Amino acid sequence: MDILHSIQNALLDAQDTLNQFIKNPNNSRIIAETATLIKEVIENKGKIFTCGNGGSLCDAVHFAEECTGKFRDNRQPLPVIALSDAGHITCTANDFGFEEIFSRPILALGHPGDLLIAISTSGNSENIVRAAEAAKSKQMHVFGLLGRDGGNLIRSCDSYLIAPGNTADRIQEIHIKVIHILIEQIERILFPENY
């Protein structure tokens with residue numbers, strides 16, 4: 001197979017994965033409900049935490065920086081924290097184990113009514129599962145951006161989206177679309193004058 005044919009196949013596969021996601025009407029409803037939940041968390045002076053591993057951590061950081069910085073137009077920063085501090089991660093992994101790197105800051109900083117956005121393409125990353133369990137122990141809401149069958153993480157989520165796709169990259173492509181749509185909807189709700 002030549003490279004141009006391979007590229008065309010990759011684009012068609014990505015398009016097919018997105019079409020599968022769009023065809024499920026529950027996905028749009030869950031995005032709308034999550035945007036409304038985030039608005040309520042913010043209005044109640046709560047915080048949103050995000051976490052993930054690898055590319056999912058990059059998505060978690062991207063969501064946070066779009067909220068504390070800006071997405072499309074200038075507006076007030078939103079209280080979103082990505083659990084991505086390298087000093088904390090390496091300290092905690094060294095002292096307590098990699099599986100505790102996200103649960104410990106949730107236990108330290110989380111409050112009832114806060115929200116954790118837990119991102120995992122497999123749903124089986126132990127450190128994400130423990131973060132969700134810690135959030136539940138703090139009476140926080142947990143929203144999962146998941147893949148495959150949702151894995152073990154699904155049991156600790158109050159709400160979730162499962163991206164279709166057979167590989168982590170296709171799942172992550174759906175996750176980043178959901179993240180961008182969520183931010184746009186949050187801005188539309190909180191800052192309607194910008195739209």
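Select Lys136 and Asp158 to begin: their side chains meet in a salt bridge at 2.5 Å, N to O (a salt bridge is a side-chain nitrogen of Lys or Arg within 4 Å of a carboxyl oxygen of Asp or Glu). Lys136 belongs to helix 6 and Asp158 to the loop between strand 4 and strand 5, so this pair ties together parts that are 22 residues apart in sequence. Helices (H or I, at least four residues) and strands (E, at least two) are DSSP runs, numbered from the N terminus. Lys136 is partly exposed at 35% relative accessible area, and Asp158 is partly exposed at 39%. Here buried means under 20% relative accessible area, exposed over 50%, and partly exposed in between, with a 1.4 Å probe and protein chains only.

The model is predicted: local features need pLDDT of at least 70, side-chain atom pairs count only at pLDDT 80 or more, and totals for chains, interfaces and linings use all residues. Residues are numbered from 1 along each chain as its sequence is written, and side-chain values use heavy atoms, with hydrogens and water left out.

**Helix 6 and the sheet**

Extend the selection to the whole of helix 6, residues 126–137. Within this helix, Arg130 forms a salt bridge with Glu126, with the closest N and O atoms 2.9 Å apart. The two residues are 4 residues apart, about one turn of the helix. In an α-helix there are 3.6 residues a turn, so residues three or four places apart point the same way. Arg130 is partly exposed, at 28% relative accessibility, as is Glu126, at 39%.

Next, display the strands beneath the selection. Helix 6 lies across strand 1, strand 3 (115–120) and strand 4 (141–147), and runs at about 165 degrees to strand 3. Contact means heavy atoms within 4.5 Å; axes are lines fitted to C-alpha atoms, for helices over the stretch in contact, and angles run from 0 to 180 degrees between N-to-C directions.

Now colour the sheet by strand. The sheet is open, with 5 strands in the order 2-1-3-4-5 and parallel pairing; two strands pair if DSSP finds at least two bridges between them. Its edge strands are strand 2 (80–82) and strand 5 (159–163), each of which pairs on one side only. From one strand to the next, the twist averages 15 degrees. Zoom to strand 1 (residues 48–51), which pairs with strand 2 in the parallel sense over 3 bridges. At this pairing, Ile48 stands opposite Val80 in strand 2.

**The nonpolar cores**

Keep Ile48 selected and add Ile38 and Phe63. These three have the most contacts inside the largest nonpolar core, which has 33 residues. A nonpolar core is a set of buried Ala, Val, Leu, Ile, Met, Phe, Trp, Tyr and Cys residues joined through side-chain atoms within 4.5 Å. Among the elements that each supply at least two residues of this core are helix 2 (25–43), helix 3 (55–68) and helix 7 (168–190). Which residues does Ile38 touch, not counting residues up to four places away in sequence? They are Ile48, Phe63, Leu115, Ile117, Leu182 and Ile186. A second, separate core has 20 residues, including Leu83, Phe102, Val129 and Ala134.

**Gly52 and helix 3**

Move to Gly52, in the loop between strand 1 and helix 3. Gly52 is buried, with a relative accessible area of 0%. Beyond its neighbours within four places in sequence, Gly52 is in contact with Leu57, Ala60, Phe102, Ile119 and Ile128. Add Ser125: its C-alpha atom and that of Gly52 are separated by 8.7 Å, although the residues are 73 residues apart along the chain.

Then select helix 3. Its buried residues are Ser56, Leu57, Asp59, Ala60, Phe63, Ala64, Glu66 and Cys67. The elements covering these residues include helix 2, strand 1, strand 2, strand 3 and helix 7.

**Helix 7**

Finish in helix 7, where Glu184 is found. Is Glu184 buried or exposed? Glu184 is buried, with a relative accessible area of 15%. Glu184 forms a salt bridge with Arg188, the closest N and O atoms being 3.0 Å apart. Arg188, by contrast, is partly exposed at 38%. Beyond residues up to four places away in sequence, Glu184 touches Phe71, Arg72 and Tyr195. For a last selection, take Asp13, Asp169, Arg170 and Glu173, which are linked in a network of salt bridges. The structure holds 12 salt bridges.
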